[in-house]
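I am opening a notebook on a structure that is new to me, and I will write down each thing as I look it up. I begin with a single residue and work outward from there.

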Amino acid sequence: MPRAPLPDEEDEDEVLEYLAERGGMKHLRVRRRADLLTLESGPASDPVRHARLRRVTVHYWTLECATHTGRWEKTGCRGPLPMVLGVLTSELGWVLAPVV
């Protein structure tokens with residue numbers, strides 16, 4: 001089975017635009033690596049990881065959230081990027097809260 005295309009700059013921009021439209025999320029940035037888009041905050045040398053979006057097919061993504069220990073936990077959310085972002089911001093918004 002062919003691999004899904006890797007996330008590109010357009011995917012990264014889509015996530016940033018989505019977060020900007022919701023407000024209160026200016027502390028977040030997106031890092032792209034392999035098949036992942038990671039939402040993080042804090043200093044680049046010691047980032048706080050909040051959530052990550054994994055591209056599994058051309059149109060489908062999965063959502064994983066960081067635990068308090070820094071491990072990644074699968075959420076079971078799978079779908080198009082806007083739907084996954086909607087679940088993240090509406091049902092799991094606490095994951096994106098700034099860490100003080």
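**Entry 1: R52 and its partner**

I started with R52, which I found in strand 3. The model I am reading is a predicted one, and I keep that in mind for every value below. I asked myself whether R52 is buried or exposed. With a relative accessible area of 15%, R52 is buried, because the limit for that word is under 20%.

I then looked for what the side chain of R52 meets, and I found a salt bridge with E64, in which the closest N and O atoms are 2.5 Å apart. R52 lies in strand 3 and E64 in strand 4, so this pair ties together parts that are twelve residues apart in sequence. E64 counts as buried too, at 4% relative accessibility. I noted as well that the pair belongs to a network of salt bridges, in which D35, R52, R54 and E64 are linked.

For a distance across the fold, I looked up R52 and R78, which are 26 residues apart in sequence and, from C-alpha to C-alpha, 12 Å apart in space.

**Entry 2: Other salt bridges**

How many salt bridges does the count come to? The count comes to eight, and I followed two more of them in detail.

In one of these, the side chains of D11 and R55 meet at 3.0 Å, N to O. Since D11 lies in helix 1 and R55 in strand 3, the pair ties together parts that are 44 residues apart in sequence. I checked the cover of each partner: D11 counts as buried at 10% relative accessibility, and R55 is buried with a relative accessible area of 12%.

In the other, E40 forms a salt bridge with R31, and their closest N and O atoms are 3.3 Å apart. Here E40 is buried, with a relative accessible area of 5%, whereas R31 is partly exposed, with a relative accessible area of 28%. As a general reminder to myself, side chains of opposite charge can pair when their charged atoms come close.

**Entry 3: The nonpolar core**

I turned next to the nonpolar side chains and asked which residues have the most contacts inside the largest nonpolar core. That core has 21 residues, and those with the most contacts inside it are V15, L19, L39, L53, L63 and L96. The elements that give two or more residues to this core are helix 1, strand 2 (36–41), strand 3 (48–55), strand 4 (61–66) and helix 2 (81–90). Helix 2 gives the most to it, with five residues. I set beside this the general point that in soluble globular proteins nonpolar side chains tend to be buried together.

**Entry 4: A patch of charge on the surface**

Going to the surface, I found a patch of negative charge where D8, E9, E10, D13, E14 and E17 gather. I picked two members of the patch to look at more carefully. E10 has its place in helix 1, which covers residues 9–22, and E10 is exposed, with a relative accessible area of 63%. D8, by contrast, sits in the segment before helix 1 and is partly exposed, with a relative accessible area of 34%. I also looked up D8 and T62, which are 54 residues apart in sequence and 16 Å apart in space, C-alpha to C-alpha.

**Entry 5: Three places in loops**

I closed the session with residues in the loops.

- G23 is found in the loop between helix 1 and strand 1, where it counts as partly exposed at 37% relative accessibility. The C-alpha atoms of G23 and W61 are separated by 23 Å, and the two residues are 38 residues apart along the chain.
- A34 has its place in the loop between strand 1 (29–33) and strand 2. What caught my eye is that A34 has a positive phi of about 55° although it is not a glycine.
- T57 lies in the loop between strand 3 and strand 4 and is partly exposed, with a relative accessible area of 28%. T57 and P80 are 23 residues apart in sequence and 9.5 Å apart in space, C-alpha to C-alpha.

Methods. Residues numbered from 1 in each chain as written. Predicted model: local features only at pLDDT ≥ 70, side-chain atom pairs only at ≥ 80, totals over all residues. Heavy atoms only, no water. Patch = residues over 30% accessible without salt bridge, like charges linked within 9 Å, V, L, I, M, F, W, Y side chains within 5 Å. Areas by Shrake-Rupley, 256 points an atom, 1.4 Å probe, with all protein chains shown as cover. Salt bridge = Lys/Arg side-chain N within 4 Å of Asp/Glu carboxyl O. Lys, Arg positive; Asp, Glu negative; His and termini not counted. Charge placed at Lys NZ, Arg CZ, Asp CG, Glu CD. Helix = DSSP H or I, 4+ residues; strand = E, 2+ residues; numbered from the N terminus. Buried < 20%, exposed > 50% of the residue type's maximum accessible area, 1.4 Å probe, protein only. Core = buried A, V, L, I, M, F, W, Y, C linked by side-chain atoms within 4.5 Å.
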